[in-house]
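Biologist: I am new to this structure and would like a close look at one part of it. Could you pick a spot with an unusual backbone and walk me outwards from there?

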Amino acid sequence: MTLSETRILLLLMWLTTFSCRLEAASQDSGFNTLINLPDQHLALWVSVAADRDSRERGLMHRRELGRREGMLFVYPSARRISIWMKNTLLPLDVLFLDDSGRVVAILDNLPPCRGDPCRVYQIARATKYMLEVNAGFAADNGISIGQALALPEVPYAEE
C-alpha cells in the first residue's frame with residue numbers, strides 16, 4: 001500500500017468514526033430521526049413532536065440547537081397551524097410542509113419572545129408538518145418554497 005493510499009484509508013476511517021460519534025450524540029440528545037434534504041445533499045437530525053404535549057412544549061427553554069438539528073411537528077391531518085415563540089430562547093426558521101413533505105411556506109428568523117404578550121404566527125395554508133430549525137438555516141442552505149424534503153416514517157400523530 002502506498003503512502004497516499006494509507007492516508008486516504010486513515011481519513012476514511014476517521015470520517016466514519018467522527019460521523020458515528022455525531023450520530024450517537026444527536027440520538028442521545030433526543031434528535032434521533034433523520035430528515036434528508038436531497039436538493040442540498042444534507043441530512044438533519046430531528047426530534048419528533050407527534051402529540052399535543054410535545055407540540056405545545058416544542059423547543060421551549062432549549063439554550064442551544066445543533067447546526068443540523070431541529071424539531072418536526074406532526075399533526076394527524078392538515079390544518080392551519082398557529083405558533084408563538086414564548087419561552088423559546090433561540091431564534092428559529094419555521095418550515096411548513098404539506099402531506100408529501102413539500103415546503104409550502106417559510107417563516108424565517110422568528111425572534112424569541114421574552115415577555116407577554118407574544119406574537120402569534122400563522123400561514124394561510126393548511127399543513128400537516130412543521131419543521132423548526134436554527135434561524136438562518138433555510139437561507140444558508142438554499143431551501144425554498146416547493147422543495148421536497150424526504151420525511152421519515154413517523155408514528156401516528158395524536159390530536
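Modeller: Gladly! Let's start at asparagine 109, which sits in strand β6. Please keep in mind that the model is predicted. Asparagine 109 has a phi near 55°, a positive value in a residue that is not glycine. Most residues other than glycine have a negative phi, and most peptide bonds are trans.

Now look at the strand around it. Strand β6 covers residues 103-110 and belongs to an open sheet of six strands, in the order β1-β2-β3-β8-β5-β6 and with mixed pairing. Both β6 and β1 (33-37) are edge strands with a single partner each, so one side of each has no neighbour in the sheet. From one strand to the next, the twist averages 30°.

Move inward along that order and you meet β5 and β8. Strand β8 (residues 127-134) pairs with β5 in the antiparallel sense, over six bridges. One bridge you can look for joins leucine 92 to asparagine 134 in β8. Among the elements of the chain, strand β5 (residues 92-97) also has the highest mean pLDDT, 98.

Next, follow the chain beyond β6, into the loop that leads to β7 (120-122), where you will find proline 117. Here is another backbone feature to notice: the peptide bond between aspartate 116 and proline 117 is cis, with omega at about -5°. Numbered on either side of that pair are two cysteines, 113 and 118, joined by a disulfide with an S to S distance of 1.9 Å. A disulfide is a covalent bond between the sulfur atoms of two cysteines. The structure holds one such link, and the one between cysteine 113 and cysteine 118 is left-handed, with -90° about the S-S bond. Are its two ends buried or exposed? Buried counts as under 20% relative accessible area; cysteine 113, at 15%, therefore qualifies as buried, and cysteine 118, at 10%, does so too.

Asparagine 109 has company in its positive phi: asparagine 87, also not a glycine, has a phi of about 60°. Asparagine 87 lies in the loop between β4 (82-84) and β5, and its relative accessible area of 30% makes it partly exposed.

A further asparagine is worth a visit, this time in the segment after α3 (137-140): asparagine 141. Its relative accessibility is 17%, so it counts as buried. Setting aside neighbours within four places in sequence, asparagine 141 is in contact with Gln40, Leu42 and Arg68.

Finally, step back to the whole chain. There are three helices and eight strands, which run along the sequence as α-β-β-α-β-β-β-β-β-β-α. Of the 159 residues, 40% are buried. Among contacts between residues at least 6 apart in sequence, 72% join residues at least 24 apart.

A word on confidence as you explore. The chain averages a pLDDT of 85, and 82% of the residues score at least 70. Helix α1 (residues 3-28) has the lowest mean among the elements, 48. Over residues 14-28 pLDDT stays under 50, and the model has seven contacts beyond four places in sequence for that stretch.

Key. Residues numbered from 1 in each chain as written. Predicted model: local features only at pLDDT ≥ 70, side-chain atom pairs only at ≥ 80, totals over all residues. Heavy atoms only, no water. pLDDT = per-residue confidence, 0-100. Helix = DSSP H or I, 4+ residues; strand = E, 2+ residues; numbered from the N terminus. Contact = heavy atoms within 4.5 Å. Disulfide = S-S within 2.5 Å. Buried < 20%, exposed > 50% of the residue type's maximum accessible area, 1.4 Å probe, protein only. Pairing = 2+ DSSP bridges. Axes fitted to C-alpha atoms, helices over the stretch in contact; angles between N-to-C directions.
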